[in-house]
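Student: I'd like to learn how to read a few features off a model like this one. Can we start with the empty space inside?

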Amino acid sequence: MAEQINVRLLALEYLLEVTERGAMAHTALRGMLERYQYLEKRERAFLTRLCEGTLERLIELDWIIDQVSRVPSKKQKPVIRGILRLSVYQLKYMDQVPDAAVCSEAVRLARAKGFSGLTGFVNGVLRNIARRKPEPAPDDLSVRYSTPEWIVEQWTREYGAECTLRMLEDQYRKKPTTIRVNLSKITREKLKRRLKAEGTTVCEIEGTNCALALSDYDYLRALPSFREGLFQVQDVSSMQAALLAAPRPGDYCIDLCAAPGGKSLHLAELLGGSGMVEARDLTEEKVEMIRENIARSQLSNIRTVCRDARQPDEESFEKADVVLADLPCSGLGVLNKKHDLKYWMSPAQQDELVLLQRQILDASWRYVKPGGTLLYSTCTVHREENEGNVEWLLAHYPFVLETQKKTLPGMDPWDGFVLAKLKRKV
């Protein structure tokens, strides 16, 4: 029992780190799992599910709490709110944990965090919820899918009710980890055998020769094949950026906003050891992430530069055969992986991102040689950040649209992504 309490304490600290202190959810979870590698696989699985599940269901959990609590969730002390959220998630979504155990563990958590005076409140709220089991109305999509109302309305306006429902449901669909094989070091078939020998379940992905799907592993970074740089974690839709850009041997490529470097590395691999990829990003911290992945991959035709993409680099004018503009976006196409993005984003921030994307495009379009390729991409489904900006780019700069692709979560097997391949006029 002590071990379970310890895991719940870790989950509470994680939740507070994300919801109260603004940490990035996926980064915080990865860091915690790295610090507690010694936990048993069962404990790590419980911890991961409790952290991710609670975070992705916050709106619904708060609604359930508010049905029985005399103090609304938004007015509760952050620690108590966090304990209740974690506990309600267990009550509703983790059937293997008895209701009585959830309530007693929550009381212990409150006591351990210095809130002995509120243990009666915590116990009463949770036992009331366990007894009543409140359910949101079927047509309240915002609460049922823990997605802010403005997102539901925006998706409905842009894609219709049926597509919106499927995108909302996709947030909770269990998906395997997809990886891109480093074909400069190993074939897909050899890596598949290697991963199976390392204890993972591996499946091929139809329609691509560079991707595999992994499941049933404990800790990815513990796999020797990962440490040797034989693969990069990357969604299949994200892999399409470099494939669509289709660099030719000897090309010079610039990736404007490259961290953590998956697309840059893919470009370098496609160059077959020739040419050069310059992977740029805004901060040294982000550039260091790219360097770590380069070191693992052992590719030599890629380098990093710390640079603000909003500032024109005159030395790069008309030098690049390929410019990859995978720009900062609202991220609403990857909510299955980054559950917290929906809570921090707003329509006003989306508008700011549209302008930021245009700033970067205005500063960097000249890097493309006449006849060269500009590959624009985002991992969002917001039309103004996608089709809207492609139309804006075509209206203001000397490019023609060659190809445009879109994947939608729930409608396609992978993340939401938009890609547009543009050619600079000669």
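Tutor: Sure, let's begin with the lining of the largest cavity: Trp155, Met167, Asp170, Gln171, Leu332, Gly333, Val334, Leu335, Asn336 and Pro409. The model is a predicted one, where local features need pLDDT of at least 70, side-chain atom pairs count only at pLDDT 80 or more, and totals for chains, interfaces and linings use all residues. Residues are numbered from 1 along each chain as its sequence is written, and side-chain values use heavy atoms, with hydrogens and water left out.

Student: How is a cavity told from a pocket?

Tutor: Rolling a probe the size of a water molecule over the atoms shows where empty space is left. On a 1 Å grid over the protein atoms alone, a cavity is a set of points where a 1.4 Å probe fits but cannot get out; a pocket is an open set with protein on both sides within 12 Å along at least five of seven lines, and lining residues have an atom within 4 Å of a point. Grid points are joined across faces, edges and corners, and the volume is the space filled by probe spheres set on the points. Here there are three cavities of 30 Å³ or more, and the largest holds about 50 Å³.

Student: Which residues line the second largest pocket?

Tutor: That pocket has a volume of about 150 Å³. Its lining includes Val236, Ser237, Gln240, Lys405, Trp414 and Phe417. Helix 13, strand 10 (399-407) and strand 11 (417-424) each give two or more residues to it. Helices (H or I, at least four residues) and strands (E, at least two) are DSSP runs, numbered from the N terminus.

Student: Helix 13 again, then. How do I describe the way it packs against helix 14?

Tutor: Two packed helices are described by the angle between their axes and the distance between the axes. Axes are lines fitted to C-alpha atoms, for helices over the stretch in contact, and angles run from 0 to 180 degrees between N-to-C directions. Helix 13 (residues 236-245) and helix 14 (residues 262-270) have axes that come within 9 Å and cross at roughly 40°. On the helix 13 side, the contact (heavy atoms within 4.5 Å) is made by Ser238, Met239, Ala241, Ala242, Leu243 and Ala245; Lys263, His266, Leu267 and Leu270 come from helix 14.

Student: On to sheets. In what order do the seven strands run?

Tutor: Two strands pair if DSSP finds at least two bridges between them. The seven form an open sheet ordered 7-6-5-8-9-11-10, with mixed pairing. Strand 7 (302-306) and strand 10 are at the edges with a single partner strand each, so one side of each is left without a neighbour in the sheet. From one strand to the next, the twist averages 15°. Inside the sheet, strand 5 (residues 252-255) and strand 8 (residues 320-326) run parallel, joined by three bridges, and Asp255 stands opposite Leu324 of strand 8.

Student: And what is the order of the four-stranded sheet?

Tutor: That open sheet reads 2-3-1-4, with antiparallel pairing. Its edge strands, strand 2 and strand 4 (231-233), each pair on one side only, and the twist averages 35° from one strand to the next. Strand 3 (residues 211-215) shares four bridges with strand 2 (residues 201-204) and four with strand 1 (residues 177-181). Look at Leu214 in strand 3: Val202 has it as bridge partner, and Thr177 stands opposite it. Helix 14 comes back here, lying across strand 1 and strand 4 at about 30° to strand 1.
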